[in-house]
Amino acid sequence: MSATSLLPHTDSDVLSERAPAKVNLTLRVLGRREDGYHQLSSIVAFAGTGDRLSLIPGEELSLTLDGPGAGVLGGEDDNLVLRAARALAARVPGLKLGHFHLIKRLPVAAGLGGGSSDAAAALRLLARANGLAADDPRLHEAALATGSDVPACLHGRACLMEGRGEHITPLALPRFGAVLVNPRVPVSTAEVFRLLAIPPGTRRGEAVAPPSGRGAILDWLRTEPNDLEPPARALAPVLGEVEAALEATPGALLVRMSGSGATMFALYADCRAAARAAKMVAAAHPQWWVKSTVLG
Ligand SMILES: C[C@](O)(CO)[C@H](O)COP(=O)(O)OP(=O)(O)OC[C@H]1O[C@@H](n2ccc(N)nc2=O)[C@H](O)[C@@H]1O
Ligand SMILES: Nc1ncnc2c1ncn2[C@@H]1O[C@H](COP(=O)(O)OP(=O)(O)OP(=O)(O)O)[C@@H](O)[C@H]1O
């Protein structure tokens, strides 16, 4: 029995939100700011799979965890759900908080922005509980204060993410079938950026805008890199094996790493092709986390 069901409430008190996996289809590092953060240009899409967060609105802030990924997370106090809630409470006087319950399904420290998506879902739930408009600037501020990926996750739909992660431009992307594969090797985002060894105050490129149309976008995606792949491969050499396994699946249109890794994804024409590919990879590598989903 989950902790939420032990609390006195009716179903109509419970608000619930999906916290989908974030996938960086491309990621260019265009330089490094004086404050140490890197300037990015990244096409971000969201998957049909992810965590789920619910909230019973109330005065006190608390969190319980459930699901296959819950055991990996340490003390609840530094959970990004609570950090996002506190960041919003610091900006909205008298904010009603409450009890969060997180069903953690996504692998942690995996380049899928799971924690960021949980944080964004917490902000959406608090906005609903408090009657805040979706475009209330305090939501965006609290998102960025919680983490660089949280503004994109708050948007929750395909977008171009720029700057440190604060500039979000909505994008119309075609839908693809996709397979996500994590070799169960956690990778630290901070360590991956550190290995790039870019001195603060460096500029090293310009953003390139994507074309529109399914075929043109796919061709363009194939030419764009994820600049974090080389350092992530140095930290997790198993990425070569993951890439080879995905490339060997019939119908794989593109194989790449998401975010700072170590999750790799492959795109397919539709969900049936993705489901077949996921079966193949999971059968050959039962120790890996393998998920077929839709992406767009
Ligand atoms: C790699 C991505 O997932 C791509 O979407 C994000 O840029 C990372 O987002 P995130 O995990 O929310 O990042 P944060 O929690 O803000 O920062 C984690 C670590 O990555 C570094 N970091 C993050 C974002 C950024 N634009 N430049 C950075 O150098 C930070 O200095 C920090 O050491
Ligand atoms: N709700 C949460 N879910 C996942 N990680 C969390 C959460 N709360 C705190 N964390 C911590 O945040 C760190 C990053 O976790 P997350 O799974 O978001 O990484 P990621 O997928 O690599 O993110 P990104 O793609 O944004 O770099 C982990 O070290 C984890 O302990």
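Okay, let's start with one residue, G111: leaving out residues up to four places away in sequence, G111 touches V187, M257, S258, G259, S260, G261, A262 and T263. Before I go on, please keep in mind that this is a predicted model.

So where does G111 sit? You'll find G111 in the loop between strand 4, which is 97-103, and helix 2. Is G111 buried or exposed? G111 has 30 C-beta neighbours inside 10 Å, so we call G111 buried. The cut-off behind that word is 20 or more.

Why did I pick G111? Well, the UniProt entry, an unreviewed one, lists a "binding site", and G111 is one of the residues named there. The others in that list are P107, V108, A109, A110, L112, G113, G114, G115, S116 and S117.

Let's look at S117 from that list as well. S117 is found in helix 2. With 29 C-beta neighbours inside 10 Å, S117 counts as buried too. As for its contacts, again not counting residues up to four places away in sequence, S117 touches A19, P20, A21, K22, G50, D51 and C153.

Now let me zoom out to the domains. How is the protein chain divided? There's domain 1, 12-170, and domain 2, 176-295. Their C-alpha centres lie 22 Å apart. The two domains do meet: 29 residues of domain 1 are in contact with 39 residues of domain 2. On the domain 1 side of that meeting, the elements giving two or more residues are strand 1, at 15-32, and strand 2, at 38-58. Strand 1 has the largest share, with eleven residues. If you sort that side of domain 1 by class, you get 14 nonpolar, ten polar and five charged residues.

Okay, on to the ligands. I'll take ligand 2 to begin with. How many residues surround ligand 2? There are 18, and the closest are L80, G114, G115, D149 and G259. Remember that UniProt list? G114 and G115 are both in it.

Which elements build that shell? Helix 1, at 80-89, and helix 2, at 114-130, each supply at least two residues. Helix 2 gives the most, with four residues. By class, the shell around ligand 2 has seven nonpolar, nine polar and two charged residues. And here's a nice bit of reasoning: domain 1 and domain 2 both give residues to this shell, so ligand 2 lies between them.

What about ligand 1? Ligand 1 has 19 residues around it, and the closest are G147, S148, D149, A190 and G259. Here strand 1, strand 2 and helix 5, at 189-196, each supply at least two residues of the shell. The shell around ligand 1 has five nonpolar, twelve polar and two charged residues. Domain 1 and domain 2 each give at least three residues to this shell.

Last bit, the whole chain. The protein chain has nine helices and eleven strands. Its radius of gyration is 19 Å, close to the 19 Å that the globule rule gives for 296 residues, so the chain is as compact as a globular protein of that length. Along the principal axes, its C-alpha atoms fill a box of roughly 50 × 45 × 35 Å. Buried residues make up 42% of the 296 residues. And if you take contacts between residues at least 6 apart in sequence, 75% of them join residues at least 24 apart.

That's my tour, thanks for listening!

Terms used
Residues numbered from 1 in each chain as written. Chains lettered and ligands numbered in written order. Predicted model: local features only at pLDDT ≥ 70, side-chain atom pairs only at ≥ 80, totals over all residues. Near = placed C-beta within 6 Å. Nonpolar A, V, L, I, M, F, W, Y, C, P; charged D, E, K, R; others polar. Domains from an automatic or database assignment. UniProt positions renumbered as here; feature names shortened; annotations may be inferred. Buried ≥ 20, exposed ≤ 12 C-beta atoms within 10 Å, placed from the backbone. Contact = placed C-beta atoms within 7 Å. Rg over C-alpha atoms; globule rule 2.2 N^0.38 Å.
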